[in-house]
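Hi,

Here is the structure I promised to pass on to you. Please open it alongside this note, and then read on for what turned up in it.

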Amino acid sequence: MNTTALLAPAVGAAPTQLLIAGDWRDPRTEGAPLVVTDPATGATLAEIADAAPEDAVDAVDAAATAFDSWSRTAPRYRGELLRAAYDLLMARAGAFASVITSEMGKPLAESRAEVAYGGEFLRWYAEEAVRATGTTRTAPDGAAFHTTIRQPVGPSLLITPWNFPLAMLTRKIAPALAAGCTVVVKPAEETPLTALLFANLLVEVGVPPGVVNVLTTSRPGQVVARMLDDHRIRKLSFTGSTEVGRRLLAASANGVLRTSMELGGNAPFVVFADADLDAAVEGAVVAKLRNGGQSCVAANRFIVDRRVADEFVAAFADRLRAQVVGHGADPATTLGPMINTRQRDRAAGLVRDAIADGATPVLSDDPEPGTAFLRPVLLTDVCTDSAVWREEVFAPVAPVRVVDSEEEALQLASDTDAGLVGFAWSRDAARLTRAAHALECGMVGLNRGLVSDASAPFGGMKQSGLGREGSDVGMQEYLETKYISHPFP
Ligand code: NAD
């Protein structure tokens, strides 16, 4: 089956230019295009605009100009636009899923699940747009009366990663627009087509010119630096690696920007001796293999009580061994390619190093050079100093360590600088409560391998980030609090 050709009509519908002030435009300076490829085959999918810093100035001009009127539109109007975007996205779910699979690689069923998940942010914030509230208070000395109002923070820069090309975008655009902010979007260079297709959908439903601007570029460092130096940008929302996030936080200090940082994780998946093992294995498959392991909330370290370790590892290995690796458009595929050969080679290197450090390969892969595919890997006896344990693997690689007590499990679980999510499995409600309180992370899945939901505040502690996305809290990230002091009547 020529899978690239199968998805070509959907891919061909994605715009290839920059969206600035409501116009699809070529970059100001002519140059080589940004080439988007299918990670499964390496085939070229599209050649698109490669923005330079001067295009970024145009995009900020557009966002700053549009902010004046957009920030004063009725919340109900903004909500209705988001709802229209949700409805149109659902009507075109198949096309969006095809584009996601083409440029990111995951199986079509997972891309469809991403469209459903990403769409929920549009629906949630369509409803949330009319719910921004303030407070009133009498000053303790009785001399004044304070009213607190919430106002949009201003033109916002949104930077997204390649792993969920649609959902990471809607998780930012929807609350920003609901709050009354205008945005410049900088999608990942690996997966810009989904962002361009989605921006076009927003234009179609009537989002006014300049409210959403999109810059695709192969030079994110230069283009973003220009925008962070422009004091009309008032907010940066970034999802990506901790390393880049740290650099952007430093760069945001100049303009004292509001920042939201959704960074890398290193999630522990703790299986206590009293867990329902069938359910835990099922959860482990989801937590490890969803998105090919390329998810910030992927289980990265499996911590298993010695009394159930052999049984858990054997059942988990069976499930990992049964995965069908292939092109995401093939209906039989359950595990697509990794995003590129570089990431695949990095993961394979981490596995080799862990084995050299003493880990036992229960399942291993000796990947073919030149392709982005990696079969699931399962390692036991992993040394806690190994990079595969200490770093975010971002691949279908499952390292396991055996522990002898609840205390040891929870101590090991939080022994990391990351703190995004943790998973715990037990039939004992009190043990689960203790685990939920002890885990040093922003989100906890109890007897669940998946925590992402538009109605919940997604985000991390420690070096996994700042701020939250989703729920009512996600909109506050785009709102300033202002208090107005009146004399007490
Ligand atoms: P990345 O940091 O390499 O890239 C993310 C974005 O930053 C891309 O748009 C990229 O073009 C841009 N970028 C890269 N260098 C830049 C620079 N110098 N200046 C400005 N922008 C720059 O990350 P990635 O490889 O695309 O994504 C994977 C990472 O994202 C993982 O670490 C993962 O955990 C993290 N992630 C976190 C969450 C979360 O919610 N916490 C969600 C998804 C992904």
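**Where the ligand sits**

The ligand lies between domain 1 (3-263 + 464-482) and domain 2 (267-446), because both domains give residues to the shell around it. Please keep in mind that this is a predicted model.

The shell around the ligand counts 28 residues, and P161, G240, S241, E262 and C296 come nearest. Two helices, α8 (220-228) and α9 (242-252), are the elements that give two or more residues to this shell. Sorted by class, the shell residues are 13 nonpolar, 10 polar and 5 charged, which may be handy when you set up your own view of the site.

**E262**

One of those nearest residues deserves its own paragraph. UniProt, in an unreviewed entry, places the feature "active site" at E262. In the model, E262 lies in strand β11, which covers residues 258-262. Is E262 buried or exposed? E262 has 27 other C-beta atoms within 10 Å, and the cut-off for a buried residue is 20 or more, so E262 is buried. Leaving aside residues up to four places away in sequence, E262 touches T239, G459, G465 and E469.

The same kind of record also covers a long stretch of the chain: the unreviewed UniProt entry places "domain: Aldehyde dehydrogenase" at residues 29-484. Over residues 29-484, the chain is 41% helix and 20% strand, with 47 Å between the end C-alpha atoms.

**How the two domains meet**

Back to the two domains, 3-263 + 464-482 for domain 1 and 267-446 for domain 2. Taken over C-alpha atoms, their centres are 31 Å apart. Domain 1 puts 16 residues into the contact and domain 2 puts in 20. On the side of domain 1 that touches domain 2, α1 (3-12), α4 (93-104) and α5 (108-128) each supply at least two residues. Of these, α1 gives the most, with 3 residues. By class, that side of domain 1 has 8 nonpolar, 5 polar and 3 charged residues.

**Two helices to look at**

The first is α4, one of the helices on the domain 1 side of the contact. α4 is mostly covered, with 9 of its 12 residues buried. The buried ones are F96, A97, S98, V99, I100, T101, S102, E103 and M104. How far should the 12 residues of α4 span? At 1.5 Å a residue, the expected span is 16 Å, and the end C-alpha atoms of α4 are 16 Å apart, so the two agree. After α4 comes G105, whose phi is positive, near 105°.

The other is α10, which runs over residues 277-289. Its 13 residues should span 18 Å at 1.5 Å a residue, and the end C-alpha atoms are 18 Å apart, so α10 also agrees with expectation. In α10, the buried residues are A280, V281, G283, A284, V285, A287, K288 and L289. What covers the buried residues of α10? The cover includes the strands β12 (267-271), β13 (299-305), β16 (397-403) and β18 (421-425), together with the helix α11 (306-321). N291 follows α10 and has a positive phi, near 60°.

Happy to talk any of this through whenever it suits you.

Best wishes

Note on methods. Residues are numbered from 1 along each chain as its sequence is written. This is a predicted model: local features need pLDDT of at least 70, side-chain atom pairs count only at pLDDT 80 or more; totals for chains, interfaces and linings use all residues. Domain bounds come from an automatic or database domain assignment. Two residues are in contact if their C-beta atoms, placed from the backbone, lie within 7 Å. Helices (H or I, at least four residues) and strands (E, at least two) are DSSP runs, numbered from the N terminus. Ala, Val, Leu, Ile, Met, Phe, Trp, Tyr, Cys and Pro count as nonpolar, Asp, Glu, Lys and Arg as charged, and the others, Gly among them, as polar. UniProt positions are given in the numbering used here, feature names are shortened, and annotations may be inferred rather than shown by experiment. The expected span of a helix is 1.5 Å times one less than its number of residues. A residue is near a molecule or strand if its C-beta atom, placed from the backbone, lies within 6 Å of it.
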